[in-house]
Amino acid sequence: MEQPGLPLPPKGLLRAAGWSAALLLILALLGVLTFLATLLQVVVVPVLIATLGMALLYPLCRLLQRLHLPAWLAAALTTAVLAFSILVAGYVIVTALTEHGPDIAEGAQDAAGQLAEQFGLPGDLLGQAVDALRQAGEAMSGQIAQGLVTGVTLTVQIVIGGLLALVLTFFLLRDGHRLPGLLRGAAPAPYGEQLENLGRIGFRAMSGFMRGITLVSLIDAVLILIGLFVLGVPGAIGLAVLIFIGGYVPFVGALLSGAVAVLVAFADRGPMIALWVLVLIVAVQQLEGNLLEPIVQSRTVKLHPALVLIAITAGGGLAGIVGVLVAVPLTAAVVAILREVRGQGGGQGEDSGEEDDDDRAPDGEQAAQKEG
């Protein structure tokens with residue numbers, strides 16, 4: 001006699017099992033990619049930085065090409081602008097922090113003492129935190145002094161990585177028109193156009209985020225610079241540059257760079273000026289959140305604050321400061337691609353019509369670029 005077959009599980013359970021298996025497969029793939037990215041960090045980080053540089057500076061490169069400059073010369077000038085900006089910003093920040101570093105530590109210690117006298121426990125905790133940071137800095141200095149060779153090796157790696165990022169930025173700007181063809185050829189024939197479309201959507205989201213946050217950060221830095229000059233805070237230019245760079249790290253960057261400005265004002269001008277600097281920074285942040293961001297970034301991908309913080313934390317854990325800087329733009333690109341895959345990305349393309357033209361322009365200008 002035939003034994004009756006076992007009853008099949010409910011369809012809902014089978015569907016849940018299928019989604020669970022797919023999720024586990026995706027997580028495993030992400031784990032492998034993360035491991036490889038960490039293993040090849042020396043190469044991956046410059047590639048990511050170059051991609052962000054291309055996303056930010058591609059309009060400038062196209063503008064130079066429209067002035068009848070050859071493609072290689074336009075890319076070289078654009079890359080030179082990027083390198084010069086990085087060098088100037090780094091010099092200004094390092095100079096300002098070197099000159100006012102002791103004042104910042106002294107101001108934090110004074111603030112801790114006054115808070116301890118007025119409020120007790122919060123001030124004690126702040127004082128302990130400042131002492132811990134100072135001890136950590138002394139310990140780090142001792143390690144650097146003892147391991148000079150390691151420090152030199154790290155410096156050489158940073159310099160080589162920066163040069164590699166600049167060279168890759170040049171080639172991406174010069175040969176960006178070839179990327180759609182590479183994406184199309186990397187997939188089987190039925191999926192080539194889909195892969196190209198997803199690549200354009202991801203690049204458009206990343207480019208829009210970078211341009212929007214650059215403009216917002218620049219406006220914030222200029223407004224705060226004017227306020228610092230009016231209040232007579234020393235090192236105003238360096239602090240403004242620090243605030244501008246901190247703007248590339250949503251939430252966290254503005255908090256840390258603003259805290260440095262308040263500490264410098266407290267150490268040099270006293271608590272009243274420090275309070276006015278705090279009011280200035282809060283007012284500018286409110287202007288940014290309620291006016292600038294809705295206008296400037298209305299055409300870019302919206303990210304939930306929790307997702308932004310998770311991306312920043314993950315990026316910092318994987319690649320340090322560089323990971324923190326590139327985490328949010330890459331997350332914006334991934335979110336835009338996922339929305340398109342789920343069939344919810346149609347509005348993105350419509351909202352970014354001008355950016356679509358920028359993305360398609362290299363294909364149309366390919367012949368002109370080859371002649372250049």
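Of the contacts in the protein that link residues at least 6 apart in sequence, 73% join residues at least 24 apart, a figure that, like every other here, is computed from a predicted model. The elements that these chain segments form are 14 helices, with 0 strands, so that reading from the N terminus one meets α elements throughout. Buried residues account for 34% of the 372 residues, while the protein exposes about 22,100 Å², of which carbon and sulfur atoms supply 72%.

One helix to follow in detail is H10, which covers residues 271–296 and, with its 26 residues, spans 35 Å from first C-alpha to last, close to the 38 Å expected at 1.5 Å a residue. H10 nevertheless bends by about 45 degrees at Glu288, and Glu288 is itself buried, as are Ile273, Ala274, Val277, Leu280, Ile281, Val284 and Leu292. An α-helix has 3.6 residues a turn, so residues three or four places apart point the same way. The buried residues of H10 pack against two other helices, namely H7 (192–231) and H9 (252–269).

Helix H7 also meets H2, which comprises residues 41–66, and the axes of the two helices come within 9 Å and cross at roughly 70 degrees. Because an angle from 65 to 115 degrees counts as roughly perpendicular, H2 is described as roughly perpendicular to H7. On the H2 side, the contact is made by Thr51, Leu52, Met54, Ala55, Leu56 and Pro59, and H7 contributes Phe203, Met206, Ser207, Met210, Arg211 and Thr214.

Methods. Residues are numbered from 1 along each chain as its sequence is written. This is a predicted model: local features need pLDDT of at least 70, side-chain atom pairs count only at pLDDT 80 or more; totals for chains, interfaces and linings use all residues. Side-chain values use heavy atoms; hydrogens and water are left out. Helices (H or I, at least four residues) and strands (E, at least two) are DSSP runs, numbered from the N terminus. Buried means under 20% relative accessible area, exposed over 50%, partly exposed in between (1.4 Å probe, protein chains only). Contact means heavy atoms within 4.5 Å. Accessible areas come from the Shrake-Rupley method with a 1.4 Å probe; for residues, only the protein chains shown count as cover. The expected span of a helix is 1.5 Å times one less than its number of residues. The bend at a residue is the angle between axes fitted to the seven residues ending there and the seven starting there. Axes are lines fitted to C-alpha atoms, for helices over the stretch in contact, and angles run from 0 to 180 degrees between N-to-C directions. Angles under 35 degrees count as roughly parallel, over 145 as roughly antiparallel, 65 to 115 as roughly perpendicular and the rest as oblique.
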